[in-house]
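Open the model in your viewer and get ready to select by residue number. We will go from one stop to the next.

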Amino acid sequence: MTDRLTYSDSGVNIDEGNKAINLMKSHITETFSKDVISTIGGFGGLFNLDLTGINNPVLVSGTDGVGTKLLLALMMDKHDTIGEDLVAMCVNDILCHGAKPLFFLDYFATGNLEGEKVAEVVKGIANGCKLASCSLIGGETAEMPGLYKGKEYDLSGFAVGVVDREKLIDGRNIKTGDIIIGLPSSGIHSNGYSLVRKLFFEKLMWTHDTFIQELGSTLGEVLLTPTKIYWDIVSRLSEKFDIKGMAHITGGGFYENIPRIIPKGLGVDIDLSSWDRPEIFKLIQKLGNIHRDEMFRTFNMGIGYIIVVSKDESDIVLDEMKAIDEKAYIIGEVVDTHSGVKLWQE
């Protein structure tokens, strides 16, 4: 054997990786707070933990991905918003405990690295970090030919936040009569896309360019709408009200996420007439002939986040939301007549 093998012969392009880093630098540094003390290219992200005003700090962490919504980004060759979904899926989870997001790290893996594409993805991640008031302090870009096909890629992320232990929210003080307030989603968010793709692209044979009259846009535009990040709303409400519990409505929908914060022996009644389901969910249910319970077990159905407060505070919470031009609905109540989640409609 006389030919000299190189890493690029195996399908790994180190130069393209360096190009990606240079292209994403400006997006990353835009997220840096005063507490970031590392620079891009170090072996670890360094963050100065400023605990001013926090007596007993508790770190809260969360990790997630965006599932098969990635296939929509690849199908449409649009990669500048999927990173926002990634941040939302991690940050919205740690918000449920009252944590203030501090920093975020991402992991990008692909079979064939393209610097411009990575930079577009990181641009979305950086935008999500700015919406969540956290810093993107590190990440990893991995080129693994043979493990991923061609230009396919996968994403995962990791968020860390902090909360004073005395202000930790875990649902333990929730009681009968407390009110469930629902915050609208921006759409499907990042769950249920395997079912969505099965329906629209396999059963109906539609494409992402198919214009849907009921939606007023193409199918792809609606499906790729980024997941809403609830930091601004939650931080504002937490400062003014006694938030007893919060839940991010993700995989498992209403039936699996809400009970995670409800004390044993209690349940929740949800009034389906209290908000209008977005057209995309009505379309999915109708065209797929999907049972109502299956819809609420798979999708957020227009409610991406819920907050539990006492009955005395429920109306003033809604007033506060109206003052900041955000929608919110009283969608249910905590009861002691059953466990789990019961859906009803007058």
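Which strands does helix α3 lie across, and at about what angle does α3 run to β4? Keep in mind that this is a predicted model. Select residues 82–95 to show α3, then add β4, residues 153–164. The helix lies across β1, β2 and β4, and its angle to β4 is about 30°.

**Next stop: the sheet**

Now colour the strands. Four of them form an open sheet with mixed pairing. Read across the sheet and the order is β1-β4-β2-β3. Select 57–65 for β1 and 135–143 for β3. These are the edge strands, and each pairs on one side only. Turn the view to look for the twist: on average, it is 15° from one strand to the next.

Strands of a sheet pair through backbone hydrogen bonds, in either a parallel or an antiparallel way. In which sense do β2 and β3 pair? Select 100–110 to show β2. Its pairing with β3 is parallel and spans eight bridges. For one residue pair, click L105, then find its bridge partner G138 in β3.

**Last stop: the annotated spans**

Select residues 58–163. UniProt lists this span as "domain: PurM-like N-terminal", in an unreviewed entry. The span is 37% helix and 37% strand. Its end C-alpha atoms lie 5 Å apart.

Then select residues 175–339. The unreviewed UniProt entry gives "domain: PurM-like C-terminal" here. This span is 37% helix and 20% strand. Here the end C-alpha atoms are 13 Å apart.

Definitions and conventions: Residues are numbered from 1 along each chain as its sequence is written. This is a predicted model: local features need pLDDT of at least 70, side-chain atom pairs count only at pLDDT 80 or more; totals for chains, interfaces and linings use all residues. Side-chain values use heavy atoms; hydrogens and water are left out. Two strands pair if DSSP finds at least two bridges between them. Helices (H or I, at least four residues) and strands (E, at least two) are DSSP runs, numbered from the N terminus. Axes are lines fitted to C-alpha atoms, for helices over the stretch in contact, and angles run from 0 to 180 degrees between N-to-C directions. Contact means heavy atoms within 4.5 Å. UniProt positions are given in the numbering used here, feature names are shortened, and annotations may be inferred rather than shown by experiment.
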